[in-house]
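Please find below some notes on the model under review. They are set out as numbered points.

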Amino acid sequence: MTRNKILILGAAGRDFHNFNMVYRHDPACEVVGFTAAQIPGIDTRIYPAELSGPLYPTGLPIWPERDFEARVRELEVDTVVLAYSDLAHAEVMHLASRALAAGANFQLLGPRHTMVRAERPVIAVCAVRTGCGKSQTTRFVADRLREHGKKAVIVRHPMPYGDLAAQAVQRLASYADLERHACTIEEREEYELHIDRGYVVYAGVDYQAIVRRATQECDVLLWDGGNNDLPFVQPDLWVTVADPLRPGHETEFYPGEANLRAADVVVVAKATDAPADQVQAVRRAAQRANPSATVLSAGSRLVVPDGEQLRGKRVLLVDDGPTLTHGGMPFGAAQVAALRCGAGELADPRPHAVGSIAQTFSKYPHLQHTLPAMGYSASQVAELEATIAATPCDVVVYATPIDLGRLLRLTKAAVRVQYEYEELEQPGLGGIIDDFARLLHS
(Lines give C-alpha, C1' and ligand atoms only; values in the text may rest on other atoms or scores of the structure.)
Protein backbone atom coordinates (compact mmCIF):
# COMPACT_ATOMS: atom_id res chain seq x y z
CA MET A 1 0.00 0.00 0.00
CA THR A 2 1.28 3.46 -0.92
CA ARG A 3 1.21 5.72 2.13
CA ASN A 4 0.00 9.31 1.86
CA LYS A 5 3.04 11.51 2.55
CA ILE A 6 2.29 14.35 4.98
CA LEU A 7 4.29 17.49 5.86
CA ILE A 8 2.99 19.41 8.89
CA LEU A 9 3.51 23.20 9.11
CA GLY A 10 3.70 24.16 12.78
CA ALA A 11 5.15 26.19 15.63
CA ALA A 12 5.79 23.63 18.41
CA GLY A 13 2.25 23.11 19.64
CA ARG A 14 -0.76 22.33 17.48
CA ASP A 15 1.53 20.54 14.99
CA PHE A 16 2.67 17.93 17.50
CA HIS A 17 -0.87 17.54 18.85
CA ASN A 18 -2.33 16.92 15.39
CA PHE A 19 0.38 14.36 14.68
CA ASN A 20 -0.30 12.56 17.97
CA MET A 21 -4.07 12.53 17.50
CA VAL A 22 -4.38 11.81 13.78
CA TYR A 23 -1.20 10.40 12.26
CA ARG A 24 0.95 8.74 14.93
CA HIS A 25 -0.67 5.32 14.58
CA ASP A 26 -2.15 5.60 11.06
CA PRO A 27 -0.43 3.13 8.69
CA ALA A 28 -2.09 4.80 5.69
CA CYS A 29 -0.07 7.99 6.24
CA GLU A 30 3.64 8.73 6.40
CA VAL A 31 4.53 12.01 8.09
CA VAL A 32 7.88 13.06 6.64
CA GLY A 33 8.46 15.85 9.16
CA PHE A 34 7.43 19.22 10.56
CA THR A 35 8.32 22.79 9.73
CA ALA A 36 8.56 25.52 12.37
CA ALA A 37 7.61 29.22 12.38
CA GLN A 38 6.80 32.12 14.79
CA ILE A 39 9.08 30.93 17.65
CA PRO A 40 12.85 31.52 17.42
CA GLY A 41 15.26 28.61 17.81
CA ILE A 42 12.86 25.67 17.37
CA ASP A 43 13.52 24.74 13.73
CA THR A 44 16.57 22.50 14.14
CA ARG A 45 15.15 19.91 16.53
CA ILE A 46 13.90 16.34 16.19
CA TYR A 47 10.46 15.19 17.29
CA PRO A 48 11.73 12.32 19.44
CA ALA A 49 11.21 8.61 18.87
CA GLU A 50 9.81 8.29 22.40
CA LEU A 51 6.79 10.35 21.32
CA SER A 52 6.56 9.34 17.65
CA GLY A 53 5.26 5.79 18.06
CA PRO A 54 6.34 2.51 16.40
CA LEU A 55 5.82 3.79 12.85
CA TYR A 56 8.60 6.37 13.39
CA PRO A 57 11.38 4.58 15.31
CA THR A 58 13.95 7.34 14.65
CA GLY A 59 11.66 10.29 15.32
CA LEU A 60 10.82 13.06 12.86
CA PRO A 61 12.83 16.03 11.58
CA ILE A 62 11.80 19.67 12.07
CA TRP A 63 12.83 22.17 9.38
CA PRO A 64 12.44 25.94 8.91
CA GLU A 65 9.15 26.83 7.23
CA ARG A 66 10.92 28.91 4.59
CA ASP A 67 12.16 25.66 3.01
CA PHE A 68 8.87 23.81 2.84
CA GLU A 69 8.38 23.90 -0.95
CA ALA A 70 11.79 22.29 -1.41
CA ARG A 71 10.81 19.56 1.05
CA VAL A 72 7.52 18.99 -0.78
CA ARG A 73 9.33 18.47 -4.08
CA GLU A 74 12.28 16.54 -2.70
CA LEU A 75 10.18 14.11 -0.64
CA GLU A 76 7.21 13.99 -3.03
CA VAL A 77 4.82 15.13 -0.31
CA ASP A 78 1.14 14.52 -1.06
CA THR A 79 -0.46 16.80 1.56
CA VAL A 80 0.70 19.85 3.48
CA VAL A 81 -1.20 20.26 6.76
CA LEU A 82 -1.32 23.70 8.42
CA ALA A 83 -1.14 23.32 12.20
CA TYR A 84 -0.43 26.64 13.90
CA SER A 85 -2.48 29.68 14.79
CA ASP A 86 -2.97 33.45 14.65
CA LEU A 87 -2.58 33.88 10.91
CA ALA A 88 -4.52 36.38 8.84
CA HIS A 89 -6.84 34.60 6.44
CA ALA A 90 -4.74 35.91 3.54
CA GLU A 91 -1.58 34.39 5.09
CA VAL A 92 -3.31 31.00 5.27
CA MET A 93 -4.08 31.18 1.58
CA HIS A 94 -0.53 32.27 0.74
CA LEU A 95 0.70 29.10 2.47
CA ALA A 96 -1.93 27.11 0.59
CA SER A 97 -0.82 28.65 -2.70
CA ARG A 98 2.81 27.77 -1.99
CA ALA A 99 1.82 24.18 -1.25
CA LEU A 100 -0.29 23.92 -4.40
CA ALA A 101 2.43 25.44 -6.55
CA ALA A 102 4.85 22.84 -5.22
CA GLY A 103 2.38 20.11 -6.25
CA ALA A 104 0.80 19.11 -2.92
CA ASN A 105 -2.68 19.20 -1.44
CA PHE A 106 -3.33 21.67 1.40
CA GLN A 107 -5.38 20.69 4.45
CA LEU A 108 -6.73 22.00 7.77
CA LEU A 109 -7.76 19.46 10.41
CA GLY A 110 -11.00 20.10 12.28
CA PRO A 111 -11.92 19.87 15.97
CA ARG A 112 -13.85 16.59 15.73
CA HIS A 113 -10.68 14.81 14.61
CA THR A 114 -8.23 16.53 16.96
CA MET A 115 -10.02 17.06 20.29
CA VAL A 116 -9.36 14.81 23.27
CA ARG A 117 -12.44 13.64 25.15
CA ALA A 118 -12.10 14.10 28.91
CA GLU A 119 -13.76 12.16 31.73
CA ARG A 120 -14.53 15.38 33.59
CA PRO A 121 -16.57 18.46 32.61
CA VAL A 122 -14.52 20.87 30.49
CA ILE A 123 -14.64 24.66 30.18
CA ALA A 124 -12.48 26.07 27.36
CA VAL A 125 -11.27 29.67 27.24
CA CYS A 126 -10.07 30.66 23.75
CA ALA A 127 -9.75 33.88 21.77
CA VAL A 128 -9.97 35.47 18.35
CA ARG A 129 -6.37 36.83 18.56
CA THR A 130 -3.30 36.55 20.73
CA GLY A 131 -3.48 38.98 23.66
CA CYS A 132 -7.25 39.38 23.97
CA GLY A 133 -7.33 38.58 27.70
CA LYS A 134 -7.68 34.79 27.93
CA SER A 135 -5.48 34.38 31.00
CA GLN A 136 -7.37 36.79 33.24
CA THR A 137 -10.64 35.23 32.03
CA THR A 138 -9.35 31.76 32.88
CA ARG A 139 -8.34 32.92 36.35
CA PHE A 140 -11.78 34.44 36.89
CA VAL A 141 -13.48 31.18 35.86
CA ALA A 142 -11.23 29.09 38.12
CA ASP A 143 -11.88 31.38 41.08
CA ARG A 144 -15.64 31.26 40.50
CA LEU A 145 -15.60 27.46 40.40
CA ARG A 146 -13.61 27.45 43.63
CA GLU A 147 -16.35 29.54 45.28
CA HIS A 148 -18.68 26.62 44.52
CA GLY A 149 -16.27 24.12 46.06
CA LYS A 150 -15.18 22.79 42.67
CA LYS A 151 -11.52 22.11 42.01
CA ALA A 152 -10.32 23.30 38.62
CA VAL A 153 -7.11 22.00 37.10
CA ILE A 154 -5.81 24.10 34.25
CA VAL A 155 -4.60 22.46 31.06
CA ARG A 156 -2.60 24.99 29.09
CA HIS A 157 -1.97 25.17 25.37
CA PRO A 158 1.53 23.77 24.65
CA MET A 159 4.77 25.72 24.61
CA PRO A 160 7.39 22.92 24.45
CA TYR A 161 10.50 24.84 23.47
CA GLY A 162 13.07 22.55 25.14
CA ASP A 163 13.58 18.79 25.45
CA LEU A 164 10.37 17.42 23.90
CA ALA A 165 10.63 13.94 25.41
CA ALA A 166 11.16 15.39 28.90
CA GLN A 167 8.26 17.80 28.34
CA ALA A 168 5.73 15.16 27.23
CA VAL A 169 3.64 15.69 30.39
CA GLN A 170 4.39 18.63 32.68
CA ARG A 171 2.66 19.09 36.03
CA LEU A 172 3.33 22.57 37.40
CA ALA A 173 2.21 23.39 40.92
CA SER A 174 5.10 25.46 42.31
CA TYR A 175 7.90 27.78 41.27
CA ALA A 176 10.27 24.86 41.87
CA ASP A 177 8.39 22.98 39.12
CA LEU A 178 8.98 25.92 36.76
CA GLU A 179 12.69 25.74 37.49
CA ARG A 180 12.77 21.95 37.14
CA HIS A 181 11.14 22.15 33.71
CA ALA A 182 13.43 25.05 32.67
CA CYS A 183 10.42 27.15 31.70
CA THR A 184 11.03 30.15 29.46
CA ILE A 185 9.65 33.64 30.13
CA GLU A 186 6.82 32.88 27.69
CA GLU A 187 5.88 29.75 29.64
CA ARG A 188 6.15 31.44 33.03
CA GLU A 189 3.86 34.22 31.82
CA GLU A 190 1.10 31.64 31.39
CA TYR A 191 1.76 29.50 34.48
CA GLU A 192 2.87 31.74 37.36
CA LEU A 193 -0.35 33.59 38.13
CA HIS A 194 -2.29 30.30 38.18
CA ILE A 195 0.29 28.82 40.55
CA ASP A 196 0.14 31.96 42.73
CA ARG A 197 -3.58 31.28 43.22
CA GLY A 198 -2.96 27.66 44.17
CA TYR A 199 -4.00 26.01 40.91
CA VAL A 200 -2.24 23.07 39.28
CA VAL A 201 -1.31 23.58 35.62
CA TYR A 202 -0.65 20.82 33.10
CA ALA A 203 1.07 21.36 29.76
CA GLY A 204 3.50 19.60 27.47
CA VAL A 205 3.34 17.62 24.23
CA ASP A 206 1.15 14.52 24.58
CA TYR A 207 -2.31 15.85 25.42
CA GLN A 208 -4.00 12.47 25.56
CA ALA A 209 -1.68 11.57 28.44
CA ILE A 210 -1.95 15.07 29.92
CA VAL A 211 -5.76 14.97 30.02
CA ARG A 212 -5.73 11.50 31.62
CA ARG A 213 -3.44 12.81 34.37
CA ALA A 214 -5.26 16.09 34.88
CA THR A 215 -8.71 14.54 35.21
CA GLN A 216 -7.49 12.40 38.10
CA GLU A 217 -7.23 15.47 40.34
CA CYS A 218 -10.01 17.85 39.30
CA ASP A 219 -13.75 18.39 39.30
CA VAL A 220 -13.53 20.60 36.19
CA LEU A 221 -10.82 20.64 33.55
CA LEU A 222 -10.21 24.23 32.49
CA TRP A 223 -8.61 24.64 29.06
CA ASP A 224 -6.46 27.81 28.88
CA GLY A 225 -5.88 28.38 25.18
CA GLY A 226 -2.86 29.82 23.42
CA ASN A 227 -2.79 32.36 20.60
CA ASN A 228 -6.22 32.07 18.96
CA ASP A 229 -6.07 28.30 18.63
CA LEU A 230 -9.00 25.92 18.96
CA PRO A 231 -9.27 23.81 22.12
CA PHE A 232 -7.39 20.52 22.25
CA VAL A 233 -10.07 19.14 24.61
CA GLN A 234 -13.78 18.82 23.80
CA PRO A 235 -15.50 21.57 25.84
CA ASP A 236 -18.85 21.43 27.59
CA LEU A 237 -18.73 25.24 27.79
CA TRP A 238 -16.78 27.16 25.16
CA VAL A 239 -15.79 30.76 25.99
CA THR A 240 -14.15 32.93 23.32
CA VAL A 241 -12.57 36.29 24.15
CA ALA A 242 -12.60 39.14 21.60
CA ASP A 243 -10.69 42.42 21.65
CA PRO A 244 -12.37 45.77 20.86
CA LEU A 245 -8.95 47.40 20.56
CA ARG A 246 -8.63 45.40 17.31
CA PRO A 247 -12.13 45.61 15.84
CA GLY A 248 -12.62 43.48 12.75
CA HIS A 249 -9.91 41.00 13.72
CA GLU A 250 -12.54 38.66 15.17
CA THR A 251 -13.44 37.54 11.63
CA GLU A 252 -10.11 38.11 9.87
CA PHE A 253 -7.77 35.58 11.49
CA TYR A 254 -7.35 31.81 11.53
CA PRO A 255 -8.57 29.98 13.54
CA GLY A 256 -9.93 32.82 15.68
CA GLU A 257 -13.01 33.19 13.52
CA ALA A 258 -13.78 29.50 14.08
CA ASN A 259 -13.52 30.09 17.84
CA LEU A 260 -15.97 32.97 17.48
CA ARG A 261 -18.46 30.90 15.51
CA ALA A 262 -18.22 27.84 17.78
CA ALA A 263 -18.44 29.63 21.15
CA ASP A 264 -21.23 29.31 23.69
CA VAL A 265 -20.13 32.63 25.22
CA VAL A 266 -18.28 35.53 23.58
CA VAL A 267 -16.59 37.94 25.99
CA VAL A 268 -15.70 41.34 24.53
CA ALA A 269 -12.85 42.16 26.89
CA LYS A 270 -11.07 45.48 27.61
CA ALA A 271 -14.42 47.21 27.08
CA THR A 272 -13.48 50.01 29.49
CA ASP A 273 -10.27 50.72 27.54
CA ALA A 274 -11.73 50.84 24.02
CA PRO A 275 -13.99 53.45 22.39
CA ALA A 276 -17.67 52.58 22.82
CA ASP A 277 -18.26 52.37 19.06
CA GLN A 278 -15.51 49.74 18.74
CA VAL A 279 -16.98 47.69 21.59
CA GLN A 280 -20.38 47.77 19.90
CA ALA A 281 -18.86 46.88 16.53
CA VAL A 282 -17.26 43.76 17.95
CA ARG A 283 -20.46 42.81 19.79
CA ARG A 284 -22.45 43.14 16.55
CA ALA A 285 -19.88 41.11 14.62
CA ALA A 286 -20.05 38.35 17.23
CA GLN A 287 -23.83 38.27 17.12
CA ARG A 288 -23.84 38.13 13.31
CA ALA A 289 -21.30 35.32 13.19
CA ASN A 290 -22.79 33.34 16.08
CA PRO A 291 -26.44 34.28 16.80
CA SER A 292 -26.84 31.52 19.40
CA ALA A 293 -23.94 32.70 21.59
CA THR A 294 -24.28 34.82 24.71
CA VAL A 295 -22.28 38.02 24.07
CA LEU A 296 -20.92 39.92 27.09
CA SER A 297 -18.72 42.95 27.69
CA ALA A 298 -16.00 42.82 30.36
CA GLY A 299 -13.27 45.08 31.65
CA SER A 300 -9.60 44.60 32.42
CA ARG A 301 -8.98 46.08 35.88
CA LEU A 302 -5.42 47.37 36.23
CA VAL A 303 -3.61 47.01 39.55
CA VAL A 304 -0.68 49.43 39.97
CA PRO A 305 0.36 49.55 43.66
CA ASP A 306 3.23 52.02 43.06
CA GLY A 307 1.57 54.18 40.42
CA GLU A 308 2.59 57.46 42.05
CA GLN A 309 6.21 56.73 41.11
CA LEU A 310 5.27 57.25 37.45
CA ARG A 311 3.91 60.79 37.58
CA GLY A 312 5.91 63.02 35.26
CA LYS A 313 8.62 60.39 34.79
CA ARG A 314 10.27 59.06 31.65
CA VAL A 315 9.19 55.44 31.54
CA LEU A 316 10.25 52.34 29.64
CA LEU A 317 7.27 50.11 28.84
CA VAL A 318 7.67 46.31 28.81
CA ASP A 319 4.77 44.09 27.78
CA ASP A 320 3.93 40.50 26.89
CA GLY A 321 6.02 39.37 23.92
CA PRO A 322 3.55 37.29 21.86
CA THR A 323 0.79 39.90 22.24
CA LEU A 324 3.03 42.56 20.71
CA THR A 325 4.72 40.40 18.06
CA HIS A 326 2.51 37.97 16.18
CA GLY A 327 -0.50 39.34 18.11
CA GLY A 328 0.04 42.65 16.28
CA MET A 329 -0.71 44.97 19.23
CA PRO A 330 1.36 48.21 19.20
CA PHE A 331 1.01 48.59 22.98
CA GLY A 332 -0.16 46.71 26.04
CA ALA A 333 -1.29 47.20 29.62
CA ALA A 334 1.97 48.89 30.61
CA GLN A 335 1.22 51.87 28.37
CA VAL A 336 -2.40 52.10 29.52
CA ALA A 337 -1.29 52.05 33.17
CA ALA A 338 1.57 54.52 32.66
CA LEU A 339 -0.65 57.11 30.97
CA ARG A 340 -3.38 56.72 33.58
CA CYS A 341 -0.79 57.32 36.30
CA GLY A 342 0.43 60.53 34.66
CA ALA A 343 3.73 59.34 33.24
CA GLY A 344 5.64 61.89 31.19
CA GLU A 345 7.79 60.79 28.26
CA LEU A 346 7.70 57.24 26.85
CA ALA A 347 11.26 56.01 26.30
CA ASP A 348 12.13 54.54 22.91
CA PRO A 349 13.98 51.22 23.40
CA ARG A 350 14.68 50.61 19.70
CA PRO A 351 18.04 52.44 19.41
CA HIS A 352 19.31 50.53 22.46
CA ALA A 353 18.04 47.05 21.58
CA VAL A 354 20.58 44.22 21.68
CA GLY A 355 20.91 41.08 19.56
CA SER A 356 17.66 39.21 18.96
CA ILE A 357 15.68 42.03 20.61
CA ALA A 358 16.90 44.38 17.86
CA GLN A 359 15.92 41.73 15.30
CA THR A 360 12.44 41.56 16.85
CA PHE A 361 11.98 45.32 16.40
CA SER A 362 13.13 44.99 12.81
CA LYS A 363 10.68 42.15 12.15
CA TYR A 364 7.77 43.98 13.83
CA PRO A 365 8.08 47.65 12.80
CA HIS A 366 4.70 48.55 14.35
CA LEU A 367 6.45 48.50 17.77
CA GLN A 368 7.78 51.90 18.82
CA HIS A 369 7.60 52.69 22.52
CA THR A 370 6.94 49.22 23.95
CA LEU A 371 9.58 46.57 24.55
CA PRO A 372 8.34 42.98 24.05
CA ALA A 373 9.42 40.71 26.90
CA MET A 374 11.08 38.11 24.70
CA GLY A 375 12.66 35.22 26.57
CA TYR A 376 12.60 31.99 24.57
CA SER A 377 16.19 31.16 25.60
CA ALA A 378 18.76 32.13 28.22
CA SER A 379 20.64 34.22 25.67
CA GLN A 380 17.48 36.10 24.71
CA VAL A 381 16.70 36.78 28.39
CA ALA A 382 20.21 38.25 28.73
CA GLU A 383 19.62 40.44 25.66
CA LEU A 384 16.29 41.64 27.10
CA GLU A 385 18.06 42.52 30.35
CA ALA A 386 20.80 44.37 28.47
CA THR A 387 18.25 46.30 26.39
CA ILE A 388 16.43 47.46 29.52
CA ALA A 389 19.71 48.51 31.14
CA ALA A 390 20.80 50.47 28.05
CA THR A 391 17.53 52.38 27.51
CA PRO A 392 17.57 55.80 29.26
CA CYS A 393 14.56 56.11 31.57
CA ASP A 394 13.53 56.90 35.13
CA VAL A 395 11.25 53.92 35.72
CA VAL A 396 10.66 50.56 34.04
CA VAL A 397 6.94 49.74 33.82
CA TYR A 398 6.28 46.09 33.11
CA ALA A 399 2.89 44.47 32.60
CA THR A 400 4.07 40.98 31.81
CA PRO A 401 2.03 38.29 33.59
CA ILE A 402 5.17 37.18 35.44
CA ASP A 403 7.24 39.24 37.85
CA LEU A 404 10.15 40.20 35.59
CA GLY A 405 11.89 41.69 38.59
CA ARG A 406 12.48 38.17 39.93
CA LEU A 407 14.03 36.91 36.69
CA LEU A 408 16.05 39.93 35.52
CA ARG A 409 18.63 42.10 37.24
CA LEU A 410 16.88 45.45 36.93
CA THR A 411 19.22 48.34 37.71
CA LYS A 412 16.46 50.95 37.62
CA ALA A 413 13.32 51.63 39.59
CA ALA A 414 10.52 49.34 38.41
CA VAL A 415 6.74 49.26 38.73
CA ARG A 416 4.75 46.13 38.04
CA VAL A 417 1.29 46.33 36.45
CA GLN A 418 -1.19 43.50 36.89
CA TYR A 419 -4.68 43.10 35.48
CA GLU A 420 -7.79 41.13 36.40
CA TYR A 421 -11.09 40.28 34.76
CA GLU A 422 -13.85 42.75 35.64
CA GLU A 423 -17.54 42.01 35.28
CA LEU A 424 -19.48 44.82 33.60
CA GLU A 425 -22.82 43.03 33.25
CA GLN A 426 -25.01 40.99 35.53
CA PRO A 427 -25.30 38.05 35.68
CA GLY A 428 -22.34 38.13 33.29
CA LEU A 429 -19.77 35.38 32.90
CA GLY A 430 -19.88 34.78 36.64
CA GLY A 431 -23.56 33.91 36.42
CA ILE A 432 -22.89 31.48 33.56
CA ILE A 433 -20.18 29.74 35.62
CA ASP A 434 -22.55 29.67 38.63
CA ASP A 435 -25.12 27.84 36.51
CA PHE A 436 -22.46 25.46 35.22
CA ALA A 437 -21.29 24.67 38.76
CA ARG A 438 -24.87 24.12 39.99
CA LEU A 439 -25.41 21.55 37.22
CA LEU A 440 -22.37 19.66 38.56
CA HIS A 441 -24.10 19.42 41.95
CA SER A 442 -27.34 18.06 40.49
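1. Which residues does L429 touch, leaving aside those up to four places away in sequence? With contact meaning heavy atoms within 4.5 Å, L429 touches T137, F140, V141, V239, V265, V267, L296, Y421 and E423.

2. On the basis of the analysis: this is a predicted model, in which local features need pLDDT of at least 70 and side-chain atom pairs count only at pLDDT 80 or more, while totals for chains, interfaces and linings use all residues. Residues are numbered from 1 along each chain as its sequence is written, and side-chain values use heavy atoms, with hydrogens and water left out.

3. L429 and I123 touch the most other members of the largest nonpolar core, which has 117 residues. Such a core is a set of buried Ala, Val, Leu, Ile, Met, Phe, Trp, Tyr and Cys residues joined through side-chain atoms within 4.5 Å; buried means under 20% relative accessible area, exposed over 50%, and partly exposed in between (1.4 Å probe, protein chains only). Strand β8 (residues 122-127) supplies the largest share of this core, 6 residues. Apart from it lies another core, of 19 residues, including L9, W63, L87 and A104.

4. Helices (H or I, at least four residues) and strands (E, at least two) are DSSP runs, numbered from the N terminus. An open sheet of 9 strands follows the order β10-β11-β9-β12-β8-β13-β15-β16-β21, with mixed pairing; two strands pair if DSSP finds at least two bridges between them. β10 (169-172) and β21 (418-423) are the edge strands, each pairing on one side only. From one strand to the next, the twist averages 25°.

5. Within this sheet, β8 pairs with β12 (residues 220-224) in the parallel sense over 4 bridges. V125 has D224 of β12 as its bridge partner.

6. Two helices deserve comment. Helix α9 (residues 207-215) lies across β9 (152-156), β10, β11 (201-204) and β12, and runs at about 165° to β11. Helix α11 (residues 276-289) packs on the sheet, where it touches β13 (237-242), β15 (265-268) and β16 (294-303), its direction making about 145° with that of β16. Axes are lines fitted to C-alpha atoms, for helices over the stretch in contact, and angles run from 0 to 180 degrees between N-to-C directions.

7. Helix α1 (residues 14-23) is mostly covered, with 8 of its 10 residues buried. Among these are F16, F19 and Y23, and also R14 and D15.

8. T184 sits in the loop between α7 (175-180) and α8 (185-196). T184 counts as buried because its relative accessibility is 10%. Not counting residues up to four places away in sequence, T184 touches Y161, G375 and Y376.
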